[in-house]
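Got the viewer open? Let's take a walk through this model, one selection at a time.

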Amino acid sequence: MIINGVSIDKTFAEAFPMKGTRIIITAQNLEWAMHSATAFTGFATSVIACGCEAAIERTLDPSETPDGRPGVACLIFAMGGKGLAKQVETRAGQCVLTSPTSALFSGIEGDDGAEIALGKNLRFFGDGYQISKMIDGKRYWRIPVMDGEFLTQENTGVVSSVGGGNFLILAESQPQALAACEAAVKAMKQLPNIIMPFPGGVVRSGSKVGSKYKALNASTNDAFCPTLKGQTKSELSPEVESVMEIVIDGLSKEDIDKAMRVGIQAACELGAENGIRRISAGNYGGKLGPFHFHLQEIMA
Amino acid sequence: MSALTLRLKTDLAQRVDCSPLTPDKLAGKDVADIAALELVSGRLTLPVDELFDISGDDVNDIRFENSSVKLDHIGHAMSQGHITIEGDAGAYLGQFMTGGNIEITGNTFIYTGCEMKGGQIKINGNAGDFVGAARSGYKNGMTGGIIIVTGNTGARTGDHMRRGMILIEGNAGEYCGSRMISGTIAVLGDVGKHLGYAMKRGTLLLTKMPQHGITANFNDCGSHTLAFLPLMFASFKKLDSQFANVEGFSRVQRYAGDVGGIGMGEILIKI
């Protein structure tokens with residue numbers, strides 16, 4: 001398959017099940033909601049070392065938020081419900097509770113009502129002065145803080161999700177690879193229910209499972225490292241000088257399907273004339289995850 | 001199917017315990033069964049059809065017509081369905097109810113919504129003393145649900161109330177929120193003396209300073225913008241109540257008390 005001179009590999013991205021939730025952070029204005037959301041989703045690029053994968057999904061108009069203030073929706077994913085609960089709680093406590101004028105709400109209903117704590121345990125920061133309020137069947141906590149009151153919903157829903165959807169952009173130069181990634185990420189950011197957790201949505205250090213060093217579970221994906229073309233069993237042709245990857249986490253397989261299609265299409269629009277040569281994907285022979293995203297089927 | 005209608009035939013000499021006449025307890029019964037049910041009235045037990053003309057057959061939609069303040073325990077422990085009361089109702093309307101809704105065109109006697117756990121009661125009139133309260137000697141009043149009163153309430157509204165919401169469009173009597181443990185009471189009109197007496201926790205939300213002021217056992221915590229209030233007012237929008245039309249506010253003067261006890265309750269007054 002070739003789109004605008006860009007070859008689409010007959011391969012697939014391999015993804016795995018995760019647990020996810022959406023939280024909504026509001027504040028006096030969007031700037032302060034964004035400060036809090038940026039902190040909340042910081043150091044959350046990969047479960048390999050961060051414990052979770054998180055990013056800002058989109059900004060919200062006052063009409064879309066529970067308290068009628070500007071807000072930001074964040075998606076956060078982890079390998080299991082317990083891990084997700086720990087990450088949400090610690091991040092909410094350190095990055096939202098602490099942020100001036102912020103309030104914190106759940107942005108999703110859980111599968112069969114499944115929930116994890118959001119502000120449930122943060123309430124103890126109130127040292128007995130915290131106040132519970134049941135509004136419309138949902139419990140909120142009012143925690144006295146130095147700028148007034150921090151309002152947080154008690155729980156947030158947990159949904160089965162998919163993590164690790166991905167595609168690789170192979171280009172003739174580093175600037176060209178990055179330009180294609182930027183175009184893809186920009187297009188994908190218009191879509192709901194997905195995030196690209198790496199910096200700017202792009203990862204340049206794709207990994208393979210395992211390492212020659214026993215202490216490491218993952219190491220550089222040497223087959224796609226252009227400087228190793230002559231040293232390893234390379235996947236790269238001579239003209240490819242740079243490879244970058246976009247990793248996608250989503251609330252469902254369909255969400256990732258759609259995001260990959262939109263992202264690959266945007267990258268391909270730059271075409272061979274801009275040095276984009278191939279689109280490939282990372283997989284581990286089908287052994288790592290049950291979700292397979294076949295590039296040619298997605299782009300058909 | 002049409003609403004099961006129970007039209008009171010005569011003026012009552014004695015009070016009547018109507019607790020058997022709920023959607024839950026009448027489920028599966030036909031009109032003949034219902035007519036034969038016996039209700040306690042004073043020292044007597046009387047069959048339903050001696051007190052009421054019966055028509056209709058939908059036990060999930062029960063209608064009391066020509067109702068009297070002597071009909072007690074209407075909607076007792078109901079968990080679903082709808083009860084409409086044309087006229088007044090006696091004591092313990094909706095006591096222990098966990099779901100469903102009750103609407104009354106007239107006034108209610110004491111202990112409306114006593115220890116209710118869920119559902120909604122709407123009183124298009126006045127309610128007596130101890131709305132949403134605990135029975136004498138019991139520690140927990142209502143623990144869930146909503147009571148809307150379009151008129152006024154008597155004394156001790158929300159006494160020992162633990163959760164839920166009481167919305168009063170008119171005035172509340174003396175000792176409103178007394179011994180309150182949690183929950184919310186909102187009043188659009190005035191409130192009587194001794195507001196929040198022995199209140200432990202919970203919120204009393206007022207749109208204006210009470211005529212009698214705030215008692216000395218509540219301390220002024222200053223004026224604040226509270227983020228939960230817009231959420232609460234938004235939740236009122238779906239109610240059939242004047243509260244749905246109240247312009248939401250989040251700026252309030254906050255008083256904490258009763259400092260004679262643990263002092264964690266609050267009176268919020270719109271500013």
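Start where the two chains meet: the contact takes 11 residues from chain B and 14 residues from chain A. Keep in mind as you look around that this is a predicted model. On the chain B side, select strand S15 (218-225) and helix H4 (228-236), the elements that each give two or more residues to the surface touching chain A. H4(B) supplies the largest share of that side, with five residues. Colour the chain B side by residue type and you'll find six nonpolar, four polar and one charged.

Now show chain A by itself. How many helices and strands does its secondary structure come to? You should find five helices and 18 strands. The radius of gyration of chain A is 21 Å, close to the 19 Å from the globule rule for 300 residues, so the chain is as compact as a globular protein of that length. Turn the C-alpha trace around and it spans about 65 × 40 × 35 Å along its principal axes. Of the 300 residues in chain A, 45% are buried. Among contacts in chain A with a separation of 6 or more, 74% are between residues 24 or more positions apart.

Next, colour chain A by domain. The domain assignment gives domain 1 (2-14 + 162-299) and domain 2 (19-159). Their C-alpha centres lie 31 Å apart. Where they touch, nine residues come from domain 1 of chain A and 12 residues from domain 2 of chain A. The domain 1 side of that contact divides into seven nonpolar, one polar and one charged.

Select strand S12 (residues 159-171) of chain A. This one is mostly covered, with 11 of its 13 residues buried. Which strands can you find beside it? Here are three partners to click through:

- S3(A) pairs with S12(A) in the antiparallel sense over five bridges. Pick A:Phe16 and look across to A:Gly163 in S12(A), which stands opposite.
- Strand S16 (residues 242-250) of chain A is also antiparallel to S12(A), over eight bridges. Here A:Ala171 has A:Ser242 in S16(A) as its bridge partner.
- Strand S17 (residues 276-280) of chain A makes another antiparallel pairing with S12(A), this time over four bridges. Try A:Ile169, whose bridge partner in S17(A) is A:Ile279.

While you have strands on screen, show the side chains: in a regular strand they alternate between the two faces of the sheet.

Now jump to helix H2 (residues 81-96) of chain A. Which of its residues are buried? Select A:Leu84, A:Ala85, A:Gln87, A:Val88, A:Arg91, A:Ala92, A:Cys95 and A:Val96 to see them. Those buried residues of H2(A) pack against several parts of chain A, including strand S3 (12-26), helix H1 (30-40) and strand S5 (71-78). Strand S6 (103-106), strand S7 (115-117) and strand S11 (155-157) are on the list of packing neighbours too.

For the last stop, head over to chain B and click B:Leu4, which sits in strand S1 (residues 3-8). Is B:Leu4 buried or exposed? B:Leu4 has 24 other C-beta atoms within 10 Å, so it counts as buried. Leaving out residues up to four places away in sequence, B:Leu4 touches B:Gly56, B:Asp57, B:Asp58, B:Val59, B:Asp61, B:Ile62 and B:Arg63. To finish, draw a C-alpha to C-alpha distance from B:Leu4 to B:Lys122: they are 20 Å apart in space and 118 residues apart in sequence.

Key:
Residues are numbered from 1 along each chain as its sequence is written. Chains are lettered from A and ligands numbered from 1 in the order in which they are written. This is a predicted model: local features need pLDDT of at least 70, side-chain atom pairs count only at pLDDT 80 or more; totals for chains, interfaces and linings use all residues. The radius of gyration is taken over C-alpha atoms; the globule rule is 2.2 Å times the number of residues to the power 0.38. A residue is buried if 20 or more other C-beta atoms lie within 10 Å of its own, exposed if 12 or fewer, and partly exposed in between; C-beta atoms are placed from the backbone. Two residues are in contact if their C-beta atoms, placed from the backbone, lie within 7 Å. Two strands pair if DSSP finds at least two bridges between them. Ala, Val, Leu, Ile, Met, Phe, Trp, Tyr, Cys and Pro count as nonpolar, Asp, Glu, Lys and Arg as charged, and the others, Gly among them, as polar. Domain bounds come from an automatic or database domain assignment.
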